[in-house]
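Below is a short briefing on how two chains fit together in one model. It covers the interface, the nonpolar cores and two backbone outliers.

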Amino acid sequence: MSTFIIGIAMIALTVALYIPATHLYQKVKWPILMPVLTSTAVIVVILLIAGIKLDTYMLGGKWIQDLLGPAVVSLAFPLSKHMAVLKRNIIPILGGTFGGSIVGMFTGSSVALLLGYPKDIVIALLPKSVTTPVAIQLADQAGGNASFTSLFVMIAGFSGILFGPLIMKWARVKDNNAYGIGLGAASHALGMARSFEYGENAVALSSVSMIVSAIAGSLFLPLWVWIIYG
Amino acid sequence: MYGFYWIGTWIQSILHLPLTGSIVGMLLLFIVIRMGWIRMSWGNEGSSWLQSHLQLLFIPPTVGIINHFDFFTANTILLVVGLILSTLVTCLLSAKIGEWLMTWKRSHRGKKEAIPCQHSSSE
């Protein structure tokens, strides 16, 4: 019973931090103050100071995390709603996402190889632009250290939503839909969450490019591992 | 949506698909909506509420970084910088190729529409 109470307390803590964080972000709109970043930072500090283990936090945290599955399922609604936009843009989505995925794997693994990282770390970082649950399965199947994969996926997610829009703006990307494709392809569900700022069409495109990125990852990752390690 | 998630996970585990249960479930729900068996209005509000609070759902997995703090040593800073650059290249390239293909398609469609016009004027 006490685990239940701790769980409720952890959920309450998370939501209690998330609500003001959202209000703050809506007011100032600085990417560095995105609710997921600020809330996480505060929770990490609280856990460290109070000496609470991650497992204890996860008693409640896992209930929130478990909603991610249904949240991905619920994307079917906006997808059907924006079917016309998606049909019109299917070639740009496929082309953009596949191109981005290949280059992402190539550059990511090159950096790790140059720095002399072992095989299991190199493989673990290959699916960094793929949504976490799929990425972990992919890394695991290819012989990578899957516990690092979630860390690399986080790095890709956060760097993409923090700097992606800036760099796309700098490169004079004008189409809001293209922002959606870029964010979904590089930063999976976090990118999709960020693309809300570019309108509903961008969200629909970015959710499709997230899915396509997962499919592209499943296709190219084993091939790429085979090319590097033979 | 939970139902579809479970069904998706179940199908995935039986067929050993390289996708996750949530994506399989989403594709199923998508097909069912397209067939007209589920009305958009039944789940539209709930789904957009869930999606506008997606960031909340990411807080717990992100807090998990607490267990990886020892990974952040000197050499890994370089790796992290490399990964960030690699991600940004991915993002930029996807957006650029996407935008380029959109304009290409637009001009292509423009031509297609123009051809029958010319035909009708010449006949």
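In this predicted model, chain B uses 71 residues to contact 98 residues of chain A. The two chains bury about 7,600 Å² between them, and 79% of that area lies on carbon and sulfur atoms. Between chain B and chain A there are zero salt bridges, while eight residue pairs, both members at pLDDT 80 or more, are in polar contact across the interface.

**The chain B side of the interface**

- Five helices of chain B each supply at least two residues to the side that touches chain A: helix 1 (2–15), helix 2 (21–35), helix 3 (40–52), helix 4 (54–63) and helix 5 (74–122).
- Helix 5 of chain B gives the largest share of that side, with 27 residues.
- By residue class, the side of chain B that touches chain A holds 41 nonpolar, 23 polar and seven charged residues.

**Nonpolar cores**

- The largest nonpolar core has 77 residues, and the members that touch the most other members are A:Y57, A:M168, B:L54, B:I59 and B:V63.
- Helix 12 of chain A (residues 200–229) gives the most to this core, contributing eleven residues.
- Apart from neighbours within four places in sequence, A:Y57 contacts A:M10, A:T14, A:I43, A:L47 and A:I52 in chain A, and B:I59, B:P60 and B:V63 in chain B.
- Two of these chain B contacts of A:Y57, B:I59 and B:V63, are also among the core members that touch the most others.
- A second, separate core consists of 14 residues, including A:I121 and A:I155 from chain A and B:V80 and B:L83 from chain B.

**Residues with positive phi**

- A:R172 is a residue other than glycine with a positive phi, near 60 degrees.
- A:R172 sits in the loop between helix 10 (146–170) and helix 11 (176–194) of chain A.
- Because its relative accessibility is 62%, and the cut-off for exposed is over 50%, A:R172 counts as exposed.
- A:H188, again not a glycine, has a positive phi near 40 degrees.
- A:H188 is placed in helix 11 of chain A.
- Is A:H188 buried or exposed? At 2% relative accessibility it falls under the 20% cut-off, so A:H188 counts as buried.
- In short, A:R172 lies in a loop and is exposed, whereas A:H188 lies in a helix and is buried.

Note on methods. Residues are numbered from 1 along each chain as its sequence is written. Chains are lettered from A and ligands numbered from 1 in the order in which they are written. This is a predicted model: local features need pLDDT of at least 70, side-chain atom pairs count only at pLDDT 80 or more; totals for chains, interfaces and linings use all residues. Side-chain values use heavy atoms; hydrogens and water are left out. Contact means heavy atoms within 4.5 Å. Buried area is the accessible area (1.4 Å probe) that two parts lose on being put together, summed over both. A salt bridge is a side-chain nitrogen of Lys or Arg within 4 Å of a carboxyl oxygen of Asp or Glu. A polar contact is a pair of N or O atoms within 3.5 Å; within protein, one must be able to donate a hydrogen and the other to accept it, and residues adjacent in sequence count only if both atoms are side-chain atoms. Helices (H or I, at least four residues) and strands (E, at least two) are DSSP runs, numbered from the N terminus. Ala, Val, Leu, Ile, Met, Phe, Trp, Tyr, Cys and Pro count as nonpolar, Asp, Glu, Lys and Arg as charged, and the others, Gly among them, as polar. A nonpolar core is a set of buried Ala, Val, Leu, Ile, Met, Phe, Trp, Tyr and Cys residues joined through side-chain atoms within 4.5 Å. Buried means under 20% relative accessible area, exposed over 50%, partly exposed in between (1.4 Å probe, protein chains only).
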